[in-house]
Structure formats: C-alpha cells, structure tokens
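Dear colleague,

I am handing over the structure we spoke about, and it is placed directly below this paragraph. Please look through it alongside the notes that come after it.

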Amino acid sequence: MLGAARGNGAGLTWASTAVDEEVDHTLYSGGAGVVLALLEAQRHFRDDRYGDAALRGAGALAAAVDGEENCSLYFGLTGTAVALRAVHGLLDDPAADRAASRALSRVRSRFDGRRWNEMFELLFGNAGIALGALHAGDLDLAVLAVEPYLATADPTPGGVNWAVRPSPARSHHIAHGTLGIVYALAAVGAAAGRDDLIELALAGAADVVSRDEAGPAGFLVPHSDPPHRPELIERYSYGWCNGPAGDAQVFRLLGALTKDPAWTALADRCWQTVTHCGLPRRVRPGFWDNNGRCCGTAGVLALACDRHVEQTESLDFAGVLVDDLITHATVDADGVRWSNDEHRATPSTLEPHVGWAMGNAGIIRELLRFARVAAGADAPYAVPWPDHSPATSGRVTFVRD
C-alpha cells in the first residue's frame, strides 16, 4: 500500500489501481479504506511508518472534503468521516477530527427529507450513511438516515422489504438489499433506544429468511427478485456482499441485540453453506474469482475469525482461506498484491486493486487479524468497521464510537 501511494501538497493519495490516473478517496476502493488498513498495520506491527502514512493520507482526505458531492458510506463523505475519525482516535489528529465533522455536516445538508440519491441501501444510500454516522459519533444523523425506512417498507408474505434502486428488482442481501437496511435499522435502533426501528429490522430479516432455498441445514437466498441483470449477475453468491457470509454478519448482530438463539442458528446455517459450497476453489468459470473483502475470500475469512473468537470454531477452514490467499498473491520486488479474475474478459486477470473492497487494503486487514487469532489473541481490529460487529470471546459486541 505504501508503494502505491502518490504524494500531493495535502498528503498521500491512492488510485484504485496502478494504471488509473484519477485519485480515489473512497472507503470502497481508495484512500479512506487504505488509511484504515494502515491503522491496522501500525497497531499490529507497532511501526510508526504506517501511522505516519495514515496521517498523511488523512491530510489528503481532509483537503478533499469540500469538493466531494457524494455522501455515501462506501463512495463518499460518510466513509471519509469514518476514516478521519479513526485517525483522530488512534493518532490524536485534531485536524482530522475537524474535517470529519465538516464532512458529516455536508452530508446532513444534502439530505432531501428521505434520501441522498436514487439508491436506498447500504453501499450507496441511507443505510450506509446511517452506519457511518453512527460509527463516527453522530447519532442524530444516523437516526435521520434510517427513519425514512419506516414509511417506505413494503409488506411481503414473509415480512417487509424496500425498493432499493430505480429498477423493479428487490435485492435481499447486505450490500444492496434488505439485510443491509436491516443491519442499519437494528444498530441505530439499539443505539437510540428506538424499538420501532428494531421491530422493522426484524420484519425485514424475516422476509429474507422466508426466501431461503437451502434449509434446514444451510441458508441460501437468491441475489434478487425479479432477478436483477441476470445476464451479468449470478443467481446465487456466497461472499459478504450478496451471500451467506454477509447474511451471517446480520444474524450475528440480531442475535446480540435480541438474545434470541434463532439468529445464532441462522448464522450457523450460513456457515454450513459457506463451508460446503466449494469455495475458495474456482470450481467453474466465474465461481470464486475474487480474493477481496467485499465479494471474495477475505470477507469469508472475517466471518471465520469471528466464529473462532465467539464460538471457538476450529480455524481449519480459515487456514484453507489463508492458504488460498497466499497461493494467489503476486510477490516480487514491488511487494505483495492480489489480482482478481473476470472470466468474460481477455485477458481474464484484472489489474491489482489497492483498496478495501477488491484489493490489498481489505485483504491485509483480515490477514493481520487472522495472524493474531491464530496466535491465541482475542484480536480485535484497531478500527471496527461500520457494518461489522466486533467479536469478543463468547459473544458479539455492539460498539458505537
């Protein structure tokens, strides 16, 4: 990550890949996500090079706040605020703290009374903004972001869901669908003491549970209904973004908040499906062609470590995932990096990404945590992620920074 940094007058910046010319400040694929990974490295290795780089990265993020129009968690100002608050909290940088407040103020000013843009979910929309605001310490903004879901929920035979995009498809999982909204409603509802938000979260989760096609031992729900862009998007996925690896994270949170063992049982069923679907093998073209935190191996590794910490689950499968990441790493004089594959493109090997979602920042963050877990440590992250509840021995912990 340090080798991919680009200096400017304000600090350090990153592009999504080495061949991209445009600077990327986002949590998803750019500087904000890299800064959080650098904070993990600084805490893990106790090496101030990484902390110094995080400070310089925060300087560039702060300088970009006033020119950023996107407000979302993963692609805009809310994600910037999360990274800046983390830098202030760990490295005592008042300038980063002030810039985070400025970013959240700009987010609040762009709210139209219901939403920020045409997307109405976690990656781009209200749910992510709510979780990022909560994580950054702005509970009022978090509540403002989730309250529109009360008036826009549509009853279904199983519970409720929401129109999350302009097209008719209703998505079901954490990145773009019902479970991402459920996570935000539950987390904000718990922090604000709002039972109405938690009850709506449970109704949304019930809708997704009613769509399970793998029961009773497993858990597998289609991407969306009617299928969204079926010529491009597979009907079933298994990672964090649109599969049971991410579904389990929502069920972990609901179990912690409600104390209902049914949610733990659902998380166990997700794990059963994840560990028996064939990943991380590339069993066919297009299956498991991603190493990253969002869609690939690193996101499953996060869940594997959670289960080990909370339930003393064996690290055997986590070890399989780590070995796969090692196998697919490119190691040379420039460092270590990962390329994903796109089987419909020629050549199929894609440019390595630097950021959280598809590249080094997200993978490194999970590998460092695995190293601590495997060494017998409780191994919390230096910075919890807004949509990933921290795991502590024997339980899920709900944290509001």
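What follows goes through some helices, two single residues and a few backbone features.

Please keep in mind throughout that this is a predicted model, and that the values below are computed from it.

I begin with helix H4, which runs over residues 94-109 and has 16 residues. At 1.5 Å a residue those 16 residues should span 22 Å, and the end C-alpha atoms of H4 are 23 Å apart, which agrees. The residues of H4 that are buried are Ala96, Ala99, Ala100, Ala103, Leu104, Arg106 and Val107. Because these residues cover an arc of only 155 degrees around the axis, they lie on the same side of H4. Arg98 and Ser109, on the other side of H4, are exposed. As for what covers the buried residues of H4, the cover includes helix H2 (48-64) and helix H3 (77-91), together with helix H5 (126-135) and helix H6 (139-146).

Helix H9 (residues 195-209) is the next element. With its 15 residues, H9 reaches 21 Å from its first C-alpha to its last, close to the 21 Å expected at 1.5 Å a residue. Leu197, Ile198, Leu200, Ala201, Gly204, Ala205, Asp207 and Val208 are buried in H9, and the partners against which the buried residues of H9 pack are H6, helix H7 (148-152), strand E4 (160-161), helix H8 (178-192), H10 and helix H11 (261-276).

One residue of H9 deserves its own paragraph, namely aspartate 207. Its relative accessible area is 1%, and with the cut-off for buried set at under 20%, aspartate 207 is therefore buried. Leaving out residues up to four places away in sequence, aspartate 207 touches Thr156, Gly158, Gly159, Val160, Asn161 and Thr178. For the last of these, the separation in sequence is 29 residues, while the C-alpha atoms of aspartate 207 and threonine 178 are 8.4 Å apart in space.

Helix H10 (residues 244-258) is among the elements that H9 packs against. H10 has 15 residues and its reach from first C-alpha to last is 20 Å, close to the 21 Å expected at 1.5 Å a residue. Since 13 of the 15 residues of H10 are buried, H10 is largely enclosed by the rest of the structure. After H10 comes lysine 259, whose phi is positive, near 60 degrees.

H10 also meets helix H12 (residues 297-311), with the two axes coming within 9 Å and crossing at roughly 35 degrees. This crossing of H10 and H12 is left-handed. From H10 the contact is made by Ala245, Ala248, Gln249 and Arg252, and from H12 by Val300, Ala302, Leu303, Asp306 and Glu310. Sorted by class, the contact of H10 with H12 has 5 nonpolar residues, 1 polar residue and 3 charged residues.

Threonine 13 is the other single residue I looked at, and it is found in strand E2 (residues 12-13). With a relative accessibility of 4%, threonine 13 counts as buried. When its neighbours within four places in sequence are left aside, threonine 13 is in contact with Ala4, Ala5, Arg6, Asn8, Val23, His25 and Ala60.

Lastly, there are some backbone features in the loops. Aspartate 225 and proline 226 are joined by a cis peptide bond, with omega about -15 degrees, and proline 226 has its place in the loop between strand E6 (224-225) and H10. A cis peptide bond also joins threonine 346 and proline 347, where omega is about -5 degrees; proline 347 lies in the loop between strand E8 (335-338) and helix H14 (360-374).

Arginine 229, which is likewise placed in the loop between E6 and H10, has a positive phi near 50 degrees although it is a residue other than glycine. At 44% relative accessibility, arginine 229 counts as partly exposed. Tryptophan 288, in the loop between H11 and H12, is not a glycine either, and its phi is positive at about 60 degrees. Tryptophan 288 counts as buried, at 6% relative accessibility.

With best regards

Key:
Residues are numbered from 1 along each chain as its sequence is written. This is a predicted model: local features need pLDDT of at least 70, side-chain atom pairs count only at pLDDT 80 or more; totals for chains, interfaces and linings use all residues. Side-chain values use heavy atoms; hydrogens and water are left out. Helices (H or I, at least four residues) and strands (E, at least two) are DSSP runs, numbered from the N terminus. The expected span of a helix is 1.5 Å times one less than its number of residues. Buried means under 20% relative accessible area, exposed over 50%, partly exposed in between (1.4 Å probe, protein chains only). The arc is that of the directions from the helix axis to the C-beta atoms. Contact means heavy atoms within 4.5 Å. Axes are lines fitted to C-alpha atoms, for helices over the stretch in contact, and angles run from 0 to 180 degrees between N-to-C directions. A crossing is left-handed if the near helix is turned anticlockwise from the far one by less than a right angle, and right-handed if clockwise. Ala, Val, Leu, Ile, Met, Phe, Trp, Tyr, Cys and Pro count as nonpolar, Asp, Glu, Lys and Arg as charged, and the others, Gly among them, as polar.
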